[in-house]
Amino acid sequence: MTADSAVETLSYPAPDTARDLVARAFDRGAMVTLFGRCSVEYEGRAASSLAPGDRHVTLKPDGAALVHTDEGQQPVNWQPPGCDHSVAVADGSLVVRSERTTPEEELEIVFETVAHAAAFDVTDPEELAVTGTEADLKERVLDSPDLVESGFTPLATERETPAGAVDVYGEDAAGRTVVVELKRRRVGPDAVGQLDRYVDALRRDLHADTEVRGILVAPSVTDRARQLLAEKGLEFVSLEPP
């Protein structure tokens, strides 16, 4: 949090007090979290109902709404960004609504009890930078082909074959065709089968006497995968994404 960020928290607030905190947060574009016993109704492209239970609700300033239980990583109910949030008190319960018009959808959350309410003024301008992907591993191989083996020369990426696209297609120091299949994490027999299909497809596709080598590049392989590589005459190079 930055020095000028504001945080408001309440434990077991009365419905009117919780409503006021949430309303202030909506007015200033803050993020709201609520935890307590609530029921949830959704009307829109379909309809759903959740009987009362303990749930965590997040209401974001971009209009997204998420309802989480104590299981799983996905919300059990949600609304996408672009919705309008509102809050009220009805029959002694805190009522939160998230609505959008195209298409028409409404999520209504009625809290019998609010155990915790909080509002956060959030500043987060950064975008998620994903590293360690297969694309990163490919760039590493293209930048330093000798990591695969000395004398390896990449000629193409995503070269199409009847069995699919080869990650890196090239030649070794002796001029033999090399198929490189890249995986960013420890792999098993499926990856070996995929590489074997590419090698077979290229052997059929290229000149009859062309020798085609297959190299699986990954951080590690299972024992069964290593056994299959040997059986099929394929090779393995241990390499991590940058």
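This is a short tour of the structure, stop by stop, with something to select at each one.

Before you click: the model is predicted, so local features need pLDDT of at least 70 and side-chain atom pairs count only at pLDDT 80 or more, while totals for chains, interfaces and linings use all residues. Numbering runs from 1 along each chain as its sequence is written, and side-chain values use heavy atoms, with hydrogens and water left out.

**Stop 1: the largest core**

Select Leu34, Leu94, Ile109 and Phe111. These have the most contacts inside the largest nonpolar core, which has 23 residues. A nonpolar core here is a set of buried Ala, Val, Leu, Ile, Met, Phe, Trp, Tyr and Cys residues joined through side-chain atoms within 4.5 Å. Buried means under 20% relative accessible area, exposed over 50%, and partly exposed in between (1.4 Å probe, protein chains only).

Now colour the elements that give two or more residues to this core: α1 (15-28), β2 (31-43), β3 (47-59), β4 (65-68), β7 (93-100) and β8 (105-120). Helices (H or I, at least four residues) and strands (E, at least two) are DSSP runs, numbered from the N terminus. Which element gives the most to this core? That's β8, with 6 residues.

Zoom in on Phe111. Skipping neighbours within four places in sequence, Phe111 is in contact (heavy atoms within 4.5 Å) with Leu34, Phe35, Gly36, Arg37, Cys38, Val57, Ser93 and Leu94.

**Stop 2: the cysteines**

How many disulfides does a search of the whole structure find? It finds 0, where a disulfide is a pair of cysteine sulfur atoms within 2.5 Å. Pick Cys38: its nearest cysteine sulfur, that of Cys83, is 17 Å away. Cys38 is buried, with a relative accessible area of 0%. Cys83 counts as buried too, at 7% relative accessibility.

**Stop 3: helix α2**

Jump to residues 134-143, helix α2, and show Leu137, Lys138 and Val141, the buried residues of this helix. Look down the axis of α2: they fall within an arc of 100°, so they line one face of the helix. The arc is that of the directions from the helix axis to the C-beta atoms. Turn on the cover next, which includes β9 (153-161), β10 (164-171), β11 (177-182) and β12 (212-218).

Glu134 belongs to α2 as well. Is Glu134 buried or partly exposed? Partly exposed, at 34% relative accessibility. Leaving aside neighbours within four places in sequence, Glu134 is in contact with Leu182, Lys183 and Arg184.

**Stop 4: a charge and a ring**

Select Arg159 and Tyr169. The charged end of Arg159 sits over the ring of Tyr169, 4.6 Å from its centre. To count, NZ of Lys or CZ of Arg must be within 6 Å of the ring centre and within 35 degrees of the ring normal.

**Stop 5: the second core and α4**

Next, bring up Ala191, Val212, Leu228 and Leu234, which are among the 18 residues of a second, separate core.

Stay here for helix α4 (residues 223-232), where Ala225, Leu228 and Leu229 are buried. Seen down the axis of α4, its buried residues fall within an arc of 105°, so they line one face of the helix. What covers them includes α3 (189-205), β12 and β13 (235-238). Spin the view, and the face turned away from the buried side carries the exposed residues Asp223, Ala230 and Glu231.

Last click: Gly233, just after α4, takes a positive phi of about 70°.
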